[in-house]
Amino acid sequence: MSSHDEVFILAIESSCDETAAAVVKNGRQVLSNVISSQIDLHTLFGGVVPEIASRKHIEKINPVITQALKDAGMTLDDITAIGVTYGPGLVGALLVGVAEAKAIAYAKKKPLVGVHHIEGHISANYIENPDLEPPFVCLVVSGGHTHLVIVKDYGVFEIIGRTRDDAAGEAFDKVARAVGLGYPGGPKIDQAAHGGNPHALEFPRAKVAGNPYDFSFSGLKSAVLNTINHAKMTGETIVVADLAASFQNAVVEALSDRAVHAAKEYGYDRLAIAGGVASNTALRERLQSECKKAGIRFYRPSPILCTDNAAMIGAAAYYEYQKGTRHGWDLNAIPNLKLGER
Ligand code: KG4
Ligand code: ZN
């Protein structure tokens, strides 16, 4: 490949509580991936405080970008284009990344490519799987989204199922808070569940009328909260490991059953997962074995590429760049940006 064909994306991600920058070559080769997490800061408050997140992004964004370039052994002059998450997410947090990306692109006369955060999560699958190309089914499970998506082409999506209420990650976070495991709940529940019995407590599995691929987690969340309150009132002790394992099992079952069913029904033999909850140990194990049984090839990014990072934004930005997507200096943060919108 001549150097002319090499596309180096400097990618920036600041939609929630991680300030991240990465350099990605040709969409799949990660030359650097720097993540500055604010989790410790927000843990004090039991969740992400938007105003604090924005301020922290402003502090961290320049050092993180400098580090990403350094790790890649590059300067801004070597970069082909700037990719940045412009939605969905916290508006003040997104704006820090968007303003930074615009400033760099303008000063260095580089193309600017805005990226949908969820398109980024899905694209994380391309990084470690050189053979993976659309079409395939993807289960997107993050703190804000629970979607079953058919990835028809790069950047082309059909959403076939979504949550009617809480996102999967949100349910993890709320249950973790209620049992005193703290923020962020997903990894805490995942860990606590290791020593627990997933069948110790029977929680409801919600069926959603109308669409077999839609999800609902609010009933499950209420059932867990009721169990906790009941125990408090009657003085029974709750075995946190059992509760965590039983709750996790209910979520994992709902997610994996629908995902595998969708792949079969729509006739795809490849299923990928994406988003922070995709790093969940039990979900990965169950999907691995269910897919094997069904003859479906299962793709999952390494955990560090499941939770928020900029490498995934670089992967998505590359395919958008190749399709000709360019944003102008009027690019704005769009907190409720829909998947597939521009
Ligand atoms: O994708 P992500 O990093 O940020 C968003 O775009 O929302 O996802 C964060 C969510 C949080 O709700 C967090 O609790 C959850 O992903 N999460 C997990 C695990 N690691 C992160 N949920 C279950 N198990 C995990 N191991
Ligand atoms: Zn995310």
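Let's start with a pair of helices: α5 and α8 are roughly antiparallel to each other. Their axes cross at roughly 170° and come within 11 Å, and since anything over 145 degrees counts as roughly antiparallel, the label follows. Keep in mind as you look around that this is a predicted model.

Who does the touching here? On the α5 side, the contact is made by Ala168, Ala171, Phe172 and Val175, while α8 brings in Leu243, Phe247, Gln248, Val251 and Leu255. Sort these residues by character and you get eight nonpolar, one polar and no charged.

While you're on α8, which spans residues 240-266, have a look at Ser246, which sits in this helix. With a relative accessible area of 1%, Ser246 is buried, because buried means under 20%. Leaving aside residues up to four places away in sequence, Ser246 touches Asn197, Pro198, His199, Ala200, Leu201 and Phe203.

Now go back to α5 (residues 168-178), which also packs against α6 (residues 185-193). The angle this time is about 70°, and the axes are 7 Å apart. Angles from 65 to 115 degrees count as roughly perpendicular, so that is how α5 and α6 stand to each other. Their crossing is left-handed. From α5, the contact takes in Phe172, Asp173, Val175 and Ala176, and from α6 it takes in Gly185, Gly186 and Ile189. This set of residues divides into four nonpolar, two polar and one charged. You may recognise Phe172 and Val175: they belong to the contact with α6 and also to the contact with α8.

The loop between α5 and α6 has a detail of its own, since Pro184 is found there. A cis peptide bond joins Tyr183 and Pro184, with omega at about -10°. Another cis peptide bond links Pro134 and Pro135, where omega is about 5°. Pro135 lies in the loop between α4 and β6 (136-141). These are worth a glance because most peptide bonds are trans.

Next, follow the chain to the metal. What coordinates the zinc ion (ligand 2)? The donors are His117 (NE2), His121 (NE2) and Asp308 (OD), at 2.0 to 2.1 Å. Along the sequence, these donor residues are spaced H-x3-H-x186-D. His117 lies in helix α4 (residues 117-128), but Asp308 is in the loop between α10 (303-306) and α11 (311-322), so the pair ties together parts that are 191 residues apart in sequence. Both His117 and Asp308 are buried.

Is α4 itself enclosed or open? It is largely enclosed by the rest of the structure, because 11 of its 12 residues are buried. Among them are His117, Glu119, His121, Ser123 and Tyr126.

Finally, there are a couple of backbone curiosities in the loops. Most residues other than glycine have a negative phi. Asn26, however, has a positive phi near 50°, and you'll find Asn26 in the loop between β2 (18-25) and β3 (29-37). Lys109 also has a positive phi, about 55°, although it is not a glycine. Its place is in the loop between α3 (91-108) and β5 (112-116). Which of these residues is buried, and which is exposed? Asn26 counts as buried, at 16% relative accessibility, whereas Lys109 is exposed, with a relative accessible area of 75%.

Conventions. Residues are numbered from 1 along each chain as its sequence is written. Chains are lettered from A and ligands numbered from 1 in the order in which they are written. This is a predicted model: local features need pLDDT of at least 70, side-chain atom pairs count only at pLDDT 80 or more; totals for chains, interfaces and linings use all residues. Side-chain values use heavy atoms; hydrogens and water are left out. Axes are lines fitted to C-alpha atoms, for helices over the stretch in contact, and angles run from 0 to 180 degrees between N-to-C directions. Helices (H or I, at least four residues) and strands (E, at least two) are DSSP runs, numbered from the N terminus. Angles under 35 degrees count as roughly parallel, over 145 as roughly antiparallel, 65 to 115 as roughly perpendicular and the rest as oblique. A crossing is left-handed if the near helix is turned anticlockwise from the far one by less than a right angle, and right-handed if clockwise. Contact means heavy atoms within 4.5 Å. Ala, Val, Leu, Ile, Met, Phe, Trp, Tyr, Cys and Pro count as nonpolar, Asp, Glu, Lys and Arg as charged, and the others, Gly among them, as polar. Donors are N, O and S atoms within 2.8 Å of the metal (3.2 Å for Na, K and Ca); water is not among the atoms, so sites may look incomplete. Buried means under 20% relative accessible area, exposed over 50%, partly exposed in between (1.4 Å probe, protein chains only).
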